[in-house]
Amino acid sequence: MTSLFRPTFVLFGALTLLCGVLYPAAVTGVGRVAFAHQAGGSLIEANGKTVGSTLIGQPFSSPGHFWGRPSATAPMADNAAGSGGSNQGPTNPELLDAVKARVDALKALDPGNDAPIPVDLVTASASGLDPEISVAAAEYQAARVAAARKLPVAQVRALIERYRRDPALGFLGEARVNVLALNLALDGKAP
């Protein structure tokens, strides 16, 4: 009977060591060497101080800043410890009410803007932490940001274009802009 269990335990121990210790340690080591910035959280520093990450959305509410996607995280918006969406479907009355309220708020804060409101400005992402908005969402906000900062709209649009990221491989996803990087550039604190 012992001869039957011994190979099982040896194999279990060897696979645990290989798959549970050696492989994760090797992948972590390669990641830290080859992709140090990403493995460290893709943190952004300005003036020697960490101001955020390119991977986590942050709430901005000043008229002079671009606003990101709404966040459905709890207990507060853009809570990286509580990632998750609202799990409300498109016919859920609560979601419809929230979207209508966000549309009304955007129109109230920018009454002269009669352009169609991009969907990513009124709906949360699945994680609730999306750090990027579509180029259309950035363009929608350009006039408001320019007016609040007393800048020409063309200058703000040029900044949007400078921080634009095209789809991966040219076709995966859509063109987007990282909100934190764009706002840091506006504040003159871009890394």
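In this predicted model, the side chains of Arg 164 and Glu 161 meet in a salt bridge, with 4.0 Å from N to O. Both partners sit part-way between hidden and open: Arg 164 is partly exposed, with a relative accessible area of 33%, and Glu 161 is partly exposed too, at 44%. Salt bridges that share partners also join Glu 132, Arg 165 and Arg 176 into one network. If you want to hunt for others, the structure holds 7 salt bridges.

Two of these bridges are good ones to trace along the chain. Start with Asp 130 and Arg 69, whose side chains meet in a salt bridge of 3.6 Å, N to O. This pair links distant parts of the chain, 61 residues apart: Asp 130 belongs to the loop between α3 and β3, while Arg 69 belongs to the loop between β2 and α3. Asp 130 counts as partly exposed because its relative accessibility is 24%.

Next, find Arg 149 and Asp 187. They form a salt bridge in which the closest N and O atoms are 2.5 Å apart. Here the link runs from helix α4, home of Arg 149, to helix α6, home of Asp 187, and the two residues are 38 apart in the chain. Arg 149 is partly exposed, with a relative accessible area of 24%, and Asp 187 is partly exposed at 33%.

Now follow that link into α6. How many of the 9 residues of α6 are buried? The count is 8, so the helix is mostly covered, a residue being called buried when its relative accessible area is under 20%. The buried residues are Val 179, Leu 180, Ala 181, Leu 182, Asn 183, Leu 184, Ala 185 and Leu 186. Their cover includes the strands β1, β2, β3 and β5, together with the helices α4 and α5. Look at the two ends of α6 as well. At its start, a side-chain oxygen of Asn 178 reaches to within 3.1 Å of the backbone nitrogen of Leu 180. Just after the helix, Gly 188 takes a positive phi of about 75°.

Gly 188 has company in this respect. Ser 42 has a positive phi of about 55° although it is not a glycine, and Lys 150 likewise has a positive phi of about 55° without being a glycine. Are these two residues buried or exposed? Ser 42, in the loop between α2 and β1, is buried, with a relative accessible area of 4%. Lys 150, in the loop between α4 and α5, counts as exposed because its relative accessibility is 73%.

From Lys 150, step back into helix α4, which covers residues 135–149, and stop at Arg 144. This arginine is buried yet has no salt bridge. Why does its nearest side chain of opposite charge, Asp 110, not make one? Asp 110 is 4.7 Å away, and a salt bridge needs the nitrogen and oxygen to be within 4 Å, so the pair does not qualify. Arg 144 does find other partners. Its side chain reaches the backbone oxygen of His 65 at 3.0 Å, and a polar contact of 2.5 Å joins it to the side chain of Gln 141. Leaving aside neighbours within four places in sequence, Arg 144 also touches residues including Ser 62, Pro 63, Gly 64, Phe 66, Trp 67 and Leu 109.

Trp 67 leads us to the largest pocket, being one of the residues that lie nearest its centre, along with Phe 60, Gly 68, Arg 69 and Pro 70. You have already met Arg 69 as the salt-bridge partner of Asp 130. The pocket holds about 350 Å³ of space and is lined by 22 residues. Helices α3 and α6 each supply at least two residues of this lining, and the largest share, 4 residues, comes from α3.

Our last stop is Ser 71, in the loop between β2 and α3. With a relative accessibility of 18%, Ser 71 counts as buried. Not counting residues up to four places away in sequence, Ser 71 touches Ala 77, Asp 78, Ala 124 and Gly 128. For a sense of scale, compare Ser 71 with Pro 111: these residues are 40 apart in sequence and 23 Å apart in space, C-alpha to C-alpha.

Methods:
Residues numbered from 1 in each chain as written. Predicted model: local features only at pLDDT ≥ 70, side-chain atom pairs only at ≥ 80, totals over all residues. Heavy atoms only, no water. Buried < 20%, exposed > 50% of the residue type's maximum accessible area, 1.4 Å probe, protein only. Lys, Arg positive; Asp, Glu negative; His and termini not counted. Polar contact = N/O pair within 3.5 Å; in protein donor to acceptor, adjacent residues only side chain to side chain. Contact = heavy atoms within 4.5 Å. 1 Å grid on protein atoms, 1.4 Å probe; cavity = no way out; pocket = protein on both sides within 12 Å on 5 of 7 lines; lining within 4 Å. Points joined across faces, edges and corners; volume = space filled by probe spheres on them.
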